[in-house]
Amino acid sequence: MNTAREAGFRLVTVVATQRISARMHRLRLAGENLLRFDTPANLHLRLHIPDAAQKTAARVGGREDITRYYTIRRIDAERGWIDVDFVLHEAAGPACDFARRARVGDVCGISGPCGLGVKPARDYLLAGDETALPAIARILETLPREARGTVLIETLDADGVCDLARPDGIDLCWFCRHQRGHDDFIAAAEKAISTLAGEAEDHFIWIAGEFSDCEALRPALKVTQKRRYINVAYWRATEAVR
Ligand SMILES: Cc1cc2nc3c(=O)[nH]c(=O)nc-3n(C[C@H](O)[C@H](O)[C@H](O)COP(=O)(O)OP(=O)(O)OC[C@H]3O[C@@H](n4cnc5c(N)ncnc54)[C@H](O)[C@@H]3O)c2cc1C
């Protein structure tokens with residue numbers, strides 16, 4: 001058994017699995033004392049992935065674990081569950097693999113919570129790919145009714161498109177890589193950043209997605225102050241993937 005446990009580490013059990021779109025798979029993870037994970041200030045957790053061959057979580061929980069970051073899409077700490085939405089990407093990876101194979105009763109570990117959401121503002125821009133979708137969906141559910149702004153989401157194709165509960169003043173725009181091409185998303189995000197920073201004094205910009213996309217948007221963010229944005233790479237495409 002590993003002894004150097006991560007902050008907040010606990011074992012959780014898969015109690016439900018649900019395919020929510022062609023490439024997005026939801027696992028409901030049940031565990032005890034989940035209250036510390038129920039905070040809008042920290043939207044994410046670290047998933048500690050059990051050895052696929054052994055299919056056991058007995059050794060999960062130490063600093064040498066295979067871990068990946070995931071967003072807490074929904075949590076009901078009182079009833080003791082957390083929903084996590086996994087993008088089922090093509091290149092094999094332990095987290096995606098775990099989600100794909102998961103059956104009710106399987107056990108994994110979680111620690112945290114960690115990561116930042118949005119800061120209070122009047123106008124927002126939220127932009128990202130499918131890996132950012134769970135966080136964007138959760139953020140939209142917590143914004144005040146009078147919030148205004150734009151959400152830009154890039155998916156592989158139309159199968160990934162879904163409706164998102166959001167304040168009336170927030171526009172939602174989808175970009176399908178197969179239809180409009182990847183450059184459209186970057187161009188739209190650059191334009192939205194410049195418009196928001198130029199027209200809305202009290203704004204906040206939240207961007208997450210693939211590393212090179214986050215890098216591509218970095219110059220555009222120079223029009224605003226650092227305290228008014230978050231731009232975080234959620235994953236990194238290897239040559240084989242991009
Ligand atoms: C704070 C934070 C929150 C996140 N929240 C979520 C979330 O809620 N849902 C979610 O699905 N992801 C989320 N991610 C992204 C997720 O952690 C990564 O995609 C991670 O690399 C997946 O691990 P893996 O073991 O499946 O693949 P890895 O072992 O990391 O990578 C294996 C291969 O798959 C490729 N790859 C990895 N991710 C993707 C992808 N999304 N699309 C295409 N190819 C990919 C890699 O380039 C590599 O070639 C989040 C990341 C961060 C930092």
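The legends below describe close-up views of a predicted model with its ligand.

**View 1. The ligand in its pocket, between two domains.** The ligand occupies the largest pocket. Residues of the surrounding shell come both from domain 1 (10–114) and from domain 2 (123–235), so the ligand lies between these domains.

**View 2. Residues and secondary-structure elements of the shell around the ligand.** The ligand is surrounded by 23 residues, of which Tyr 69, Val 87, His 89, Ala 95 and Arg 236 come nearest. At least two shell residues are supplied by each of β4 (66–71), β6 (81–87), α1 (94–101) and β12 (229–235). The greatest contribution is that of β4, with 4 residues. By residue class, the shell consists of 14 nonpolar, 6 polar and 3 charged residues.

**View 3. Polar contacts of the ligand with Thr 71, Val 87 and His 89.** An N or O atom in the side chain of Thr 71 is 3.0 Å from a nitrogen atom of the ligand. In the case of Val 87, a backbone N or O atom is placed 2.8 Å from a ligand oxygen atom. For His 89, an N or O atom of the side chain is 2.8 Å from an oxygen atom of the ligand. The protein buries 86% of the 910 Å² that the ligand exposes when taken alone.

**View 4. The cis peptide bond between Gly 112 and Pro 113.** Gly 112 and Pro 113 are joined by a peptide bond in the cis form, with omega at about 5°. Strand β7, which covers residues 107–114, contains Pro 113.

**View 5. The backbone at Asn 33.** Although Asn 33 is not a glycine, its phi is positive, at about 50°. Asn 33 is located in the loop that lies between β2 (24–30) and β3 (44–49).

Technical notes:
Residues numbered from 1 in each chain as written. Predicted model: local features only at pLDDT ≥ 70, side-chain atom pairs only at ≥ 80, totals over all residues. Heavy atoms only, no water. Near = heavy atom within 4 Å. Polar contact = N/O pair within 3.5 Å; in protein donor to acceptor, adjacent residues only side chain to side chain. Areas by Shrake-Rupley, 256 points an atom, 1.4 Å probe, with all protein chains shown as cover. 1 Å grid on protein atoms, 1.4 Å probe; cavity = no way out; pocket = protein on both sides within 12 Å on 5 of 7 lines; lining within 4 Å. Sits in = over half its atoms within 2 Å of the grid points. Nonpolar A, V, L, I, M, F, W, Y, C, P; charged D, E, K, R; others polar. Domains from an automatic or database assignment.
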